[in-house]
Amino acid sequence: MAEPTSNFQRLTRNRFGLAGTGALWLGPDHLLLVSNSGGVERYRRWFFKDIQLLVARRTARRLILNLIGGSFGALLALGALASFASAKTDPADSPVFYVGIVLASFAGVCLGLCIANSIFGPGCIVHVLTPMGAEPLAAPRRLNVFNRIAARIGPLIEAAQRKAG
Amino acid sequence: MTATLSCPRCHLALDPAAASGGAEVACAACRAVLTVRLFPAFETPPEAVSAASGERALEGEAVCFFHADKRAAATCERCGRFLCALCDVPFAGKHLCPSCLDASKLPDLINRRVVWGQVAALFGMLPLALCFLWPFYFITGPCAIFLALWKWKEPGSLVHGPRHGLAILGVIGGVLQVATMIGLVWGLIFSIRNG
């Protein structure tokens, strides 16, 4: 039987976890969660006609990641400042000066990651309710992505349920 | 009967009217901020189907293949059997009987699949990336080549399709591992012969 390979559209990027990766795909009449661990793919489907609601609970993910990244960045920046201060007599010949440059670069990377994390928006955990009960969706993990996906699949779900009803 | 909207964190029942329209609502108990998207099935969930479902057949009416006393409500789209409301399984836009659903190999029913191309790539490339695994090259290298070629025609990922690129990567990694081991053995023999 021909497989509906081309019928699936990616809704979220692969999300990496301890057990492998997970991504949400849009099928012709269902949502498909694909979990991949070590070459084995597992599929979980939610048919449009069964989906009663989608609920996203806001989490402190963005704040926590910013705190961790900001703390690392601040420590690295302090290290860089200390290196520059100790090497300011003759910067060009001092290896400490170059250590400071490396530390400042890593601090810049941390700052960039914090900015990117802020732009991505608040984190969330999404649940889908069907007659079988509420189940958590492994993806999406950001509220902006959830809103984008809900706007995309909402009309499809409503159309499928109008047709079934 | 409508379904109930409850907070996913503390399971406190919430008012669906406040959550309609995609507005954010805060749970009164745990203060979790929720964004809810309601669909028509929330207001009118499907009716429960039980053994008592389906109307009794009258004289001369078509009856269910599995229940001789029930009126046929649908026809199986695979085998053509008449089905009552209990035996009619609407699935992926089709009406199927339980036996056809059980016997079918519909892609919509697959819930697990091994992506052999990816396994071959793991066997081929992971030991190369983790150099300390070199004593296992004699096993992992041929395994990668064997898996990639043996499972070449196996169906791949449901969403990505057959991933021949990964299988080729596995073959390349496997060949590199075998070549490395042959080089090591040859070097060892050469050094022993020359003292």
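## Exercises on a predicted two-chain model

E1(B) and E2(B) pair in the antiparallel sense, with 3 bridges between them. The model is predicted. Work through the exercises with the structure in view.

### Exercise 1. The hairpin of chain B

Task: Describe the link between E1(B) and E2(B), and find the residue in the turn that has a positive phi.

Solution:
- Step 1. Start with the connection: E1(B) and E2(B) form a hairpin, with 6 residues between them.
- Step 2. Go to the turn. Arg31(B) has a positive phi of about 65° there.
- Step 3. Pick out a bridge. Glu24(B) has Thr35(B) in E2(B) as its bridge partner.
- Step 4. Check burial. In E2(B), 5 of the 6 residues are buried, so this strand is largely enclosed by the rest of the structure.

### Exercise 2. A sheet across two chains

Task: Give the order of the strands in the open sheet, and say which strands stand at its edges.

Solution:
- Step 1. Recall the bonding. Strands of a sheet pair through backbone hydrogen bonds, either parallel or antiparallel.
- Step 2. Read the order. The 5 strands run E8(A)-E7(A)-E6(A)-E2(B)-E1(B), with antiparallel pairing.
- Step 3. Look at the ends. Strand E8 (133-137) of chain A and strand E1 (24-26) of chain B are the edges; each has a single partner strand, so one side of each is left without a neighbour in the sheet.
- Step 4. Add the twist. From one strand to the next, it averages 30°.
- Step 5. Follow the pairing within chain A. Strand E7 (residues 123-130) of chain A is joined to E8(A) by 5 bridges and runs antiparallel to it. In E8(A), Pro136(A) is the bridge partner of His127(A).
- Step 6. Cross between the chains. Strand E6 (residues 53-59) of chain A and E2(B) are joined by 5 bridges, again antiparallel. Ala56(A) stands opposite Thr35(B), and Leu54(A) stands opposite Arg37(B).
- Step 7. Revisit Thr35(B). This residue is the bridge partner of Glu24(B) and stands opposite Ala56(A).

### Exercise 3. The contact between the chains

Task: How many residues does each chain give to the contact, and which element of chain B supplies the largest share of its side?

Solution:
- Step 1. Take the totals: 37 residues come from chain A and 36 from chain B.
- Step 2. Locate chain B's side. Strand E2 (33-38), helix H2 (40-43), strand E7 (112-114) and helix H4 (116-129) of chain B each supply at least two residues.
- Step 3. Find the largest share. E2(B) provides it, with 6 residues.
- Step 4. Sort by character. The chain B side has 24 nonpolar, 7 polar and 5 charged residues.

### Exercise 4. The build of chain A

Task: Is chain A compact or spread out, judged by its radius of gyration?

Solution:
- Step 1. List the elements. Chain A has 3 helices and 8 strands. From the N terminus, they run β-β-β-β-β-β-α-α-β-β-α.
- Step 2. Compare with the globule rule. The radius of gyration is 23 Å, well over the 15 Å given for 165 residues, so chain A is more spread out than a compact globule.
- Step 3. View the box. The C-alpha atoms fill roughly 80 × 35 × 20 Å along the principal axes.
- Step 4. Note burial. Of the 165 residues, 33% count as buried.

### Exercise 5. Helix H1 of chain A

Task: What do the buried residues of H1(A) pack against?

Solution:
- Step 1. Set the length. Helix H1 (residues 61-86) of chain A has 26 residues and reaches 38 Å from its first C-alpha to its last, close to the 38 Å expected.
- Step 2. Name the buried residues: Arg62(A), Gly69(A), Gly73(A), Leu76(A), Ala80(A) and Ser83(A).
- Step 3. Recall the geometry. An α-helix has 3.6 residues a turn, so residues three or four places apart point the same way.
- Step 4. Identify the partners. The buried residues of H1(A) pack against helix H2 (95-120) and E7 of chain A.

Note on methods
Residues numbered from 1 in each chain as written. Chains lettered and ligands numbered in written order. Predicted model: local features only at pLDDT ≥ 70, side-chain atom pairs only at ≥ 80, totals over all residues. Helix = DSSP H or I, 4+ residues; strand = E, 2+ residues; numbered from the N terminus. Rg over C-alpha atoms; globule rule 2.2 N^0.38 Å. Buried ≥ 20, exposed ≤ 12 C-beta atoms within 10 Å, placed from the backbone. Pairing = 2+ DSSP bridges. Axes fitted to C-alpha atoms, helices over the stretch in contact; angles between N-to-C directions. Contact = placed C-beta atoms within 7 Å. Nonpolar A, V, L, I, M, F, W, Y, C, P; charged D, E, K, R; others polar. Expected span 1.5 Å × (residues − 1).
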